Amino acid sequence: MGRQPTLYSFADIHSDLAPNLRKYVLEAQNEAFKRHGVFRFAVSGGSLPKTLAKALLPPSNGTEEDKVDFSRWEIFYADERCVPLDHEDSNHKLVQEEWLNKIPKDMAQPKVYPISMDNLHDAQETADDYERKLVSVFAARDSVRVPLFDLILLGCGPDGHTCSLFPDHALLREHDAWILAITDSPKSPAKRITLSLPIVVAAAKIGFVATGGGKKDVLKMIFETEDGSKLPCGLVNEGGGEKVSWFCDKEATDGVSFPRRSSLI
Ligand SMILES: O=C(O)[C@H](O)[C@@H](O)[C@H](O)[C@H](O)COP(=O)(O)O
């Protein structure tokens with residue numbers, strides 16, 4: 001049981017899921033500050049940036065635990081689409097528009113590491129370039145052999161994909177590279193860059209945010225079936241165990257019998 005992820009189910013995104021997600025992210029931030037003075041955080045696209053903005057943009061309640069100190073945040077991407085960074089399909093553009101650009105200008109700003117799209121036609125070179133970037137940022141500080149993110153926040157696709165790791169794809173068996181290129185993604189656009197599964201499960205904490213009735217079938221599958229445990233989200237559950245938390249609403253967990261919690265506050 002100790003190796004199981006935690007599944008939270010909230011009544012409402014705005015008044016319930018968002019404040020709990022805030023608490024979770026800030027706990028991860030505070031633990032990371034104690035460990036090494038910075039907070040290294042990776043984020044993906046989809047509906048997540050909007051929910052993250054709901055969680056993190058409201059002002060602090062004044063307590064030390066609730067203080068967001070962006071001056072010590074380093075933000076990375078869990079996955080990106082191979083399009084220019086100002087293209088409407090770009091995860092970086094989405095994260096900027098939904099969240100980062102809304103951080104009040106009189107607050108310290110986080111350091112953001114977008115996946116450079118200077119070499120749009122060569123996805124592998126783009127992946128290698130981001131891996132070199134991670135080597136320089138992480139290894140310089142901690143002399144680590146793998147990048148240990150303090151927190152990675154992910155979405156869950158209706159097919160069970162996460163990051164740009166898709167069901168049954170050969171990239172799920174990649175164990176050496178940190179950053180992977182996919183050129184045949186079943187979800188458009190076909191060319192994408194993604195963290196590899198071993199890097200995701202190495203993180204100190206891994207959070208999923210999955211909301212809406214469109215997620216209930218895949219959540220039932222992930223939490224309750226053998227086949228679901230082999231989907232990319234199921235593999236993160238298996239590899240990350242108790243480091244994994246799911247932030248869902250009641251529509252997404254409708255009919256899921258895996259034990260649920262309704263608050264971490
Ligand atoms: O680039 C992408 O396509 C996203 O990063 C992708 O992995 C997303 O997180 C899931 O598809 C869930 O998306 P929703 O939260 O919008 O369902």
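**Exercise 1. Is C163 buried or exposed?**

Solution. The model is a predicted one. Begin with the location: C163 belongs to the loop between strand 6 (151–154) and strand 7. Next, take the count of neighbours, which is 30 other C-beta atoms within 10 Å. The cut-off for a buried residue is 20 or more such atoms. C163 is therefore buried. A further point concerns the backbone: C163 is not a glycine, yet its phi is positive, at about 50°.

**Exercise 2. Determine whether D168 counts as buried or exposed.**

Solution. D168 is placed in the loop between strand 6 and strand 7. Inside 10 Å it has 11 C-beta neighbours. A residue with 12 or fewer is classed as exposed, so D168 counts as exposed. As for its backbone, D168 is a residue other than glycine with a positive phi, near 65°.

**Exercise 3. Classify the exposure of N20, and state how far its C-alpha atom is from that of E74.**

Solution. N20 is part of helix 1 (residues 13–36). The number of other C-beta atoms within 10 Å of N20 is 19. This count falls between the limits of 12 or fewer for exposed and 20 or more for buried; N20 is therefore partly exposed. For the second part, N20 and E74 are 54 residues apart along the chain, and a distance of 22 Å separates their C-alpha atoms.

**Exercise 4. Describe how helix 2 and helix 3 are arranged, and name the residues that form their contact.**

Solution. First, consider the axes: those of helix 2 (residues 48–56) and helix 3 (residues 91–98) come within 9 Å, with a crossing angle of roughly 25°. Angles under 35 degrees count as roughly parallel, and the two helices are therefore roughly parallel to each other. The crossing of helix 2 past helix 3 is right-handed. Helix 2 contributes P49, K50 and A53 to the contact, while helix 3 contributes L94, V95 and E98. By class, the residues of this contact comprise four nonpolar, two charged and no polar.

**Exercise 5. Identify the residues that come nearest to the ligand, and give the make-up of the shell by class.**

Solution. There are 15 residues around the ligand, and the nearest are S44, G45, G46, S47 and G155. The shell divides into nine polar, three nonpolar and three charged residues.

**Exercise 6. Which two residues are joined by a cis peptide bond, and where does P189 lie?**

Solution. The cis bond links S188 and P189, with omega about -5°. P189 is situated in the loop between strand 7 (179–182) and strand 8 (192–195).

Definitions and conventions. Residues numbered from 1 in each chain as written. Predicted model: local features only at pLDDT ≥ 70, side-chain atom pairs only at ≥ 80, totals over all residues. Axes fitted to C-alpha atoms, helices over the stretch in contact; angles between N-to-C directions. Helix = DSSP H or I, 4+ residues; strand = E, 2+ residues; numbered from the N terminus. Parallel < 35°, antiparallel > 145°, perpendicular 65-115°, else oblique. Left-handed = near helix turned anticlockwise from the far one by under 90°. Contact = placed C-beta atoms within 7 Å. Nonpolar A, V, L, I, M, F, W, Y, C, P; charged D, E, K, R; others polar. Near = placed C-beta within 6 Å.
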